[in-house]
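Trainee: Could we go through this one together? I'd like to see how the labels get decided.

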Amino acid sequence: MAETASAIQQEIALNLVEEVAKNGEDVPDKFIHKDGFPGAIDEPETWKHSLLIDFSMLTSSTPASGIELAKLRNALCQWGCFQVINHGVSSSFLEEFIKVIKQFFALPLEEKVKCSDAQEKLLGYGRGPFSTGNQAADWHDGLYLVLHPEEKRSVRFYPLKPEKFSGMINEYSEKLAAIAEAIFKAMAGSLDLEEDCFLNCQGKKTTIKGRFIYYPPCPCPERVLGVKPHSDGTYVTILLPDNEVDGLQVQKDEHWYKVPVIPGALFVNLGDLGEVMSNGMYKSVVHRVITNAEKARVSMAAFFIPEDECEIGPVSELVSKTHPQKYKKFDMSEFRRVYFETYAQGLRTVDVLKLY
């Protein structure tokens, strides 16, 4: 048994960025963007005003709700993302959660690989499940888990250390489900639809998958990305960012913009399925993560995905003679195949799904 565990550890370690980073200045060519990549614009005031949604006001029955709803619509139409505050999860919990995530990635390798299976590429601890084809590799490691519903969890991948980690994952998952439900209702309301319109498109039990990501310090941040430009294969993604180190950037009108760290805020972005569902009214945002030469960074992304049996397509209320159907209908098995293919090629899946 010890020999088997050691073999698994060695196989996983060969692909870990954390192990590569121990070589100091020597960054393998597979991580290098040989032509570099464009810099990002810093517009903190935009994020503090136009792209900052007060969740408590959004879900209230006061006149302020209409103001936040208009901000939500504009943010998703123009940017495909926003940050949300007063969402019901205390800042102290989020700060402690980030701390515990960092503690997990600081554990010895032999402890972390207990959450791994060399044959399972989509769950557990490791370098990441996605092929990048001929493109530069991403500079991060991760822990990949099914968070919700409980019956879909593979508990053998859940970490035993730090001791409070699994309990905090469970608590946060419950809070995320409630936040997402309210966001879906607000999205529908902002387009003058029945509030459950988008929820009904997802089936009775939306799956929430979690990705806990560790970005080691990188000696060549000007030519190495933590995550290459991509859009998510989700309805929405809710990100808990590192509270000390920024790195997330989004693309709008062919320009890149820095996403600032706002204490207590969660970052919400629309995924490809969300753009299809809204028939292009809302935009799936392309984003990336840069690296840092001096500091490690962590984050936790929660991906909201419909049941496998669901047929995905624009909601009928958003299709008309003046706004015809823009995307084909498909099931999740077809979508996954197309998503993995386009991701490896650096393409957006929604562009492949367009009818015109």
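**Labels and their cut-offs**

Mentor: Sure, start with strand β7 (residues 225-230): five of its six residues are buried, so the strand is mostly covered. Keep in mind that this is a predicted model, where local features need pLDDT of at least 70, side-chain atom pairs count only at pLDDT 80 or more, and totals for chains, interfaces and linings use all residues. Residues are numbered from 1 along each chain as its sequence is written, and side-chain values use heavy atoms, with hydrogens and water left out.

Trainee: What makes β7 a strand?

Mentor: Strands (E, at least two residues) and helices (H or I, at least four) are DSSP runs, numbered from the N terminus. β7 covers residues 225-230.

Trainee: How do you know that β7 pairs with β12?

Mentor: Two strands pair if DSSP finds at least two bridges between them. Three bridges join β7 to β12 (residues 287-290), and the two run antiparallel, so they count as paired. Leucine 225, for one, has isoleucine 290 in β12 as its bridge partner.

Trainee: Why is glutamate 18 called buried?

Mentor: Buried means under 20% relative accessible area, exposed over 50%, partly exposed in between (1.4 Å probe, protein chains only). Glutamate 18 has 17%, so it is buried. Its place is in helix α2 (residues 17-21).

Trainee: Which residues is glutamate 18 in contact with?

Mentor: Contact means heavy atoms within 4.5 Å. Leaving aside neighbours within four places in sequence, glutamate 18 is in contact with Phe105, Lys112, Tyr125, Asp141, Tyr214 and Pro216.
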